[in-house]
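Me: Please take a close look at one part of this model for me: the charged side chains and how they pair up. Then work outwards from there, and keep it informal.

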Amino acid sequence: DTVVFSGRLVGRPAPKLGRTIDVQAWIPGFGWRTFATPRTNRRGRFAVPYTFRFTRGVQRYRLRALLERSGDYPYERAASRTVRVTVRGP
């Protein structure tokens, strides 16, 4: 199935052209890996659909959103809280 990951920048104002956000999953032995890079809109909001195509059996994933530091947005690198999702595949 498909889920939609969404969120918003807390700092204001958001850049007029938006900011890219790294949506990441924790992979044991490899660390945090980016699997989607949506761009925020002018209001600082983002949403990205994702389909878990390769999950077999029951898998538990740890996910977060990461904002890297950038010259057009005067805030430090920051990560969201980690959320856990359970996915059931064939």
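Reply: Start with Glu76 and Arg69, whose side chains meet in a salt bridge, 2.3 Å from N to O. A salt bridge here is a side-chain nitrogen of Lys or Arg within 4 Å of a carboxyl oxygen of Asp or Glu. Before going on: this is a predicted model, so local features need pLDDT of at least 70 and side-chain atom pairs count only at pLDDT 80 or more, while totals for chains, interfaces and linings use all residues. Residues are numbered from 1 along each chain as its sequence is written, and side-chain values use heavy atoms, with hydrogens and water left out.

Both partners sit out in the open: Glu76 has 55% relative accessibility and counts as exposed, and Arg69 is exposed as well, at 56%. (Buried means under 20% relative accessible area, exposed means over 50%, and partly exposed is in between, with a 1.4 Å probe and protein chains only.)

The whole structure has two salt bridges. The other one joins the side chains of Glu68 and Arg77, at 3.1 Å from N to O. Glu68, at 33% relative accessibility, counts as partly exposed.

Now for a charge without a partner. Asp22 is buried but makes no salt bridge, and the nearest side chain of opposite charge, Arg77, is 7.1 Å away. So Arg77 turns up twice, since it is also the residue that bridges to Glu68, by the nitrogen-to-oxygen rule given above. Asp22 belongs to strand E2. Leaving out residues up to four places away in sequence, Asp22 touches Thr34, Ala36, Thr37, Arg64, Ala65, Leu66 and Glu68. Contact means heavy atoms within 4.5 Å.

Arg64 and Ala65 come up again with Ser80, which is in contact with both of them once neighbours within four places are set aside. Ser80 lies in the loop between strand E6 (78-79) and strand E7 (83-88), and its 36% relative accessibility makes it partly exposed. From Ser80 to Pro15 you cover 65 residues in sequence and 19 Å in space, C-alpha to C-alpha.

One step along E2 from Asp22 is Val23, and here the picture turns nonpolar. Beyond four places in sequence, Val23 touches Phe5, Arg33, Thr34, Phe35, Ala36, Pro38, Phe46, Val48 and Arg64. Val23 is also among the residues with the most contacts inside the largest nonpolar core, along with Phe5, Leu9 and Ile21; that core has 16 residues. Strands E2 (22-27), E4 (45-51) and E5 (58-67) each give two or more residues to this core, and E5 gives the most, with four. A nonpolar core is a set of buried Ala, Val, Leu, Ile, Met, Phe, Trp, Tyr and Cys residues joined through side-chain atoms within 4.5 Å. In soluble globular proteins, nonpolar side chains tend to be buried together.

Two of those core residues, Leu9 and Ile21, also contact Thr40, whose list includes Leu17, Gly18, Arg19, Arg45 and Phe46 as well, neighbours within four places aside. Thr40 sits in the loop between strand E3 (31-36) and E4, and is buried at 5% relative accessible area.

E4 has an exposed residue too: Pro49 is in that strand, with a relative accessible area of 55%. Pro49 contacts Thr2, Val3 and Val4, again skipping neighbours within four places. Next door to those three is another acidic residue, Asp1, in the segment before strand E1 (2-8). Asp1 is exposed at 82% and, beyond its neighbours within four places, contacts Tyr50, Thr51 and Phe52. Asp1 and Arg88 are 87 residues apart in sequence, yet their C-alpha atoms are 9.1 Å apart.

Finally, the overall charge tally and fold. The protein has 19 positive and 5 negative side chains, and the centres of the two sets lie 6 Å apart. For that count, Lys and Arg are positive, Asp and Glu negative, and His and the chain ends are not counted; each charge is placed at NZ of Lys, CZ of Arg, CG of Asp or CD of Glu. The fold has zero helices and seven strands, where helices (H or I, at least four residues) and strands (E, at least two) are DSSP runs numbered from the N terminus. Of the 90 residues, 33% count as buried.
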